[in-house]
Amino acid sequence: QANVINLKTFLSAVRLAHQGNDTGVLPLSPLVPAKNSDVEKPKTKMIITSRRDYPLTKSFPFSLEHLQTSYCKLARIDTRVLCLKKLRKLDLSHNHIKQLPATLGDLVCLQELDLHDNHLEAFSGALCSSGLQKSLQFLDLSQNQIQALPIEFCQLRGLVQLRLDDNALLRLPCRIGQLSHLRFLSAARNKLPFLPSDFRKLCLENLDLFGNPFEQPNPLVPNIQLKIPLTLLECAARATVNHRIPYGCHLLPSHLCKDLEVAKTCRCGSACLSSFIQITVTMNLHHVAHTVVLVDNMGGTEAPILCYFCSLDCYSQFLDRHLQSN
């Protein structure tokens with residue numbers, strides 16, 4: 001980092017010395033250390049908010065930890081961004097991105113990912129099974145066109161804040177209760193008719209479900225999928241889950257493993273797979289969140305939630321209690 005002219009002179013002297021010249025005639029001069037102000041520090045943050053400022057010929061510094069490229073009309077994620085292994089925060093909001101590459105999951109240090117106001121229609125299961133499982137804490141998918149999130153989404157167990165507002169969501173992930181670190185959830189203005197039964201397991205600080213067309217719960221009108229007698233597959237599946245028998249793709253076909261991973265849980269605590277009775281009941285959202293944004297303009301904080309029963313007996317017992325309480 002010395003003065004350029006002095007440095008060139010020094011290198012010339014080294015070359016002459018290497019050639020065996022007399023040291024007395026070497027053009028040596030003292031090297032002055034560079035000032036701190038002359039030394040460029042590694043760049044860790046870059047903010048680009050217009051298309052004309054987007055670098056087309058120049059690479060992004062590999063030292064970047066925070067990159068924002070908003071309002072750049074990007075149709076896809078730049079492959080150069082996927083090489084920035086030190087990235088902790090990536091803001092790609094207000095673009096035209098339709099699809100996310102699986103290699104986005106290689107950014108193993110990524111803690112915050114902002115994709116709001118794009119054209120996304122899906123969030124792939126491959127990303128949920130990548131290195132983002134442990135690192136990702138903040139995810140903003142609001143103002144997109146997503147109708148459903150994959151089963152694997154709940155593998156992102158490091159999530160603390162999740163924004164899903166202004167999409168076309170017809171349901172939330174059935175295993176959303178596995179997001180044990182989640183504290184802020186916003187899914188306002190979607191198309192949710194009800195909440196998954198696993199929603200009861202959440203422990204949130206702030207919850208916003210305003211503007212969803214929630215159905216009116218009616219426990220007296222069940223959706224009966226119960227098959228009597230139970231099939232051998234149903235009996236085996238229930239036993240596997242209830243007794244916590246280890247399984248995996250090395251023992252069972254992959255589609256059976258996926259079915260077991262989304263097994264329903266009866267009010268009695270037993271599992272059921274494809275043979276069950278389903279109803280919706282009312283849940284006060286304050287049971288899962290400290291602060292609740294009103295569900296509707298009427299000041300309500302209640303929403304319908306799915307409830308499952310493994311047998312007619314379990315449903316009858318619930319119905320008796322429900323009728324007595326009313």
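This section describes the overall dimensions, strand pairing and selected residue environments of a predicted model.

The protein chain holds six helices and 14 strands. Its radius of gyration is 29 Å. A compact globule of 326 residues would have a value near 20 Å. Along the principal axes, the C-alpha trace spans about 105 × 50 × 30 Å. Of the 326 residues, 41% are buried. Contacts with a separation of 6 or more were also examined; 45% of them join residues 24 or more positions apart.

The exposed surface of the protein chain amounts to about 18500 Å². Carbon and sulfur atoms supply 54% of that area. Charged side chains number 34 positive and 27 negative. The centres of these two sets lie 5 Å apart.

One open sheet consists of three strands in the order β9-β12-β14, with antiparallel pairing. Strands β9 (223-224) and β14 (302-309) stand at the edges. Each has a single partner strand, so one side of each is left without a neighbour in the sheet. In general, strands of a sheet pair through backbone hydrogen bonds, either parallel or antiparallel.

Strand β12 spans residues 277-284. Eight bridges join β12 to β14, and the two run antiparallel. Within this pairing, Q278 has Y308 of β14 as its bridge partner. I277 stands opposite F309 in β14. On the β9 side, two bridges connect β9 to β12, again with antiparallel direction. There, I224 is bridged to I277 of β12. I277 thus appears in both pairings: I224 is its partner in one, and F309 faces it in the other. Strand β12 is mostly covered, with six of its eight residues buried.

A parallel pairing occurs between β1 and β2. Strand β1 comprises residues 45-48, and strand β2 comprises residues 66-69. Four bridges join them. M46 of β1 stands opposite L67 in β2. In a regular strand the side chains alternate between the two faces of the sheet. In β1, M46 and I48 form the covered face. K45 and I47 form the uncovered face. M46 therefore combines a place on the covered face with a position opposite L67.

Two loop residues were examined individually. H116 is placed in the loop between β4 (112-114) and α2 (125-128). The relative accessibility of H116 is 16%, so H116 counts as buried; the cut-off for this class is under 20%. Neighbours within four places in sequence aside, H116 is in contact with S93, H94, D140, S142, Q143 and N144.

T103 lies in the loop between β3 (89-91) and β4. With a relative accessible area of 37%, T103 is partly exposed. This class covers values between the limits for buried, under 20%, and exposed, over 50%. T103 and L127 are 24 residues apart along the chain. Their C-alpha atoms are separated by 8.0 Å. Strand β4 borders both loops: the T103 loop runs between β3 and β4, and the H116 loop between β4 and α2.

Technical notes
Residues numbered from 1 in each chain as written. Predicted model: local features only at pLDDT ≥ 70, side-chain atom pairs only at ≥ 80, totals over all residues. Heavy atoms only, no water. Rg over C-alpha atoms; globule rule 2.2 N^0.38 Å. Buried < 20%, exposed > 50% of the residue type's maximum accessible area, 1.4 Å probe, protein only. Contact = heavy atoms within 4.5 Å. Areas by Shrake-Rupley, 256 points an atom, 1.4 Å probe, with all protein chains shown as cover. Lys, Arg positive; Asp, Glu negative; His and termini not counted. Charge placed at Lys NZ, Arg CZ, Asp CG, Glu CD. Pairing = 2+ DSSP bridges.
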